[in-house]
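Biologist: I am new to this one. Can you walk me through it?

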Amino acid sequence: VTENPTDPTEEILADLAGVDTGDAPSADAEEVSPEPAVSRALEALLARTPLPADSQAAVAVDKLLRRGSERRVSVERRKKLMAALDAALAERRRDTGPIQSVLRSRRYSDGTPLSDVAVRIRAELRRVGATLDVDVDTLREIENGGGEILDTSVMRILAAWSVISGLPKAAARRSYSDAVAGLADDAPLRAAAGADIHEDPGGASPAVVAFTAFLDSLFTHETKEN
Amino acid sequence: MRLRRRRTAVDEAELIARIKAGDKSAASALISVLTTELDEYSRKIGGDLGDFEREVAVENAMTRVVERIDRFDPARATLHTWARSFVRNELNELRRSPREIPTDARELDRPITDPLTDDEPPPSPETTAMAALVLTLSQADQALLRLRVLEKLGFDEIAQYFGPPVRADTMRKRWERVQTKIARLAREDPDLRRYITEEDK
């Protein structure tokens, strides 16, 4: 039961397991009290009570729960986990820019954080099989009709947003424009945009450029990763 | 004699720093440190679900660790304890909506929750008193309390972690003793007395 009896956490586990360590009577040697278990009210209070993270008991529990977990992770499983974790880590790297940090605190008109909107857009692109290095023809199919493409990144976003929101393409475009317009007077965002990117020579406000760049970075970054 | 396998030491603080920085090498380290432990844990507490669902739960939990690492507070939990809380959360999500989760669409609608830090009410006099009470228990009793209350493990599962000859009955009896101690101590505490009902007396 124990691996190293001189380790205090092993002593705790030995005590818990009812193994006589010589220092104290083993648990099973005690008489079981005839009293009933605690009430639900007390149990509920226990469940709400924060337990210390740095106690020997906590370390012992961590140690116990690592036992029996020596199996090797299969190659397939490892690949799958690596893909998921790589994506999450890539997102962390992306989240370090000034625009991203400002946008994380901003919300879409329905209250959804803009960063969540971006996550949903990216997830939708994945769901429909539009990988981030997707070609324009595939994106046109997603958009269900194509049309003149002014900006690939905006088109990708609109196509995904249309699918997510259930809005027709034109309404999705207006919805997207509303989101961008809502950012136009956002001073911290403008400041971040100014610090991070150049103004669109076509005349779009820094906020518009920032929002587009933020969403676009979801794709360009992962394309580089891939 | 038990032969101990050599483990590759991974410094937890360094690993956390690498995750925070989005360091690509953190993925491999995380898999080495957490996967088999979380797999085993999900098998223990997710026996009502299938292998596939449990794998998804662990995968999602590990992703959450990366996503939420800024919220990790070593004063409140170890990385392992924190990661297990995400496994519990993911398994509960799967139980609630089993058909919606195991795809990439998990990102679409689900809020990211951190069961150990989100929506935690500020400490009340009662929880403060109970925390102090818990500290008066033996370390072994505190360990059992964690296994039962925090990790949500049944007696059979705890016994399985120990392996033979430890039996579920041993754990059950010990738990009854712990509960009795808690009830007795709570009766003596002015902040906790009202939680004692007739069944505790």
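Biologist: Is P52(A) buried, partly exposed or exposed?
Modeller: This is a predicted model. Buried would require under 20% relative accessible area, and exposed over 50%. P52(A) has 24% relative accessibility, so it counts as partly exposed.

Biologist: Where in chain A does P52(A) lie?
Modeller: Two helices flank P52(A): α2 (40-48) and α3 (56-66). P52(A) lies in the loop between α2 and α3 of chain A.

Biologist: Which residues does P52(A) touch, leaving out those up to four places away in sequence?
Modeller: In its own chain, P52(A) touches A58(A). In chain B, P52(A) touches L135(B) and R146(B). The list is A58(A), L135(B) and R146(B).

Biologist: At what angle do α1(A) and α7(B) cross, and what is that arrangement called?
Modeller: Helix α1 spans residues 8-17 of chain A, and helix α7 spans residues 139-150 of chain B. Their axes come within 8 Å and cross at roughly 75 degrees. The range 65 to 115 degrees counts as roughly perpendicular. That makes α1(A) and α7(B) roughly perpendicular.

Biologist: How many residues of the contact of α1(A) with α7(B) are nonpolar?
Modeller: From α1(A) come I12(A), D15(A) and L16(A). They meet Q139(B), A140(B), A143(B), L144(B) and L147(B) in α7(B). One residue is polar and one charged; the nonpolar ones number six.

Biologist: What is the mean pLDDT of chain A?
Modeller: In chain A, 28% of residues reach 70 or more. Over residues 20-35 the pLDDT is below 50, and it stays under 50 over residues 130-151. Where pLDDT is low, the predicted coordinates should not be read in detail. The mean for chain A is 61.

Definitions and conventions:
Residues are numbered from 1 along each chain as its sequence is written. Chains are lettered from A and ligands numbered from 1 in the order in which they are written. This is a predicted model: local features need pLDDT of at least 70, side-chain atom pairs count only at pLDDT 80 or more; totals for chains, interfaces and linings use all residues. Side-chain values use heavy atoms; hydrogens and water are left out. Helices (H or I, at least four residues) and strands (E, at least two) are DSSP runs, numbered from the N terminus. Buried means under 20% relative accessible area, exposed over 50%, partly exposed in between (1.4 Å probe, protein chains only). Contact means heavy atoms within 4.5 Å. pLDDT is the predictor's confidence in each residue, from 0 to 100. Axes are lines fitted to C-alpha atoms, for helices over the stretch in contact, and angles run from 0 to 180 degrees between N-to-C directions. Angles under 35 degrees count as roughly parallel, over 145 as roughly antiparallel, 65 to 115 as roughly perpendicular and the rest as oblique. Ala, Val, Leu, Ile, Met, Phe, Trp, Tyr, Cys and Pro count as nonpolar, Asp, Glu, Lys and Arg as charged, and the others, Gly among them, as polar.
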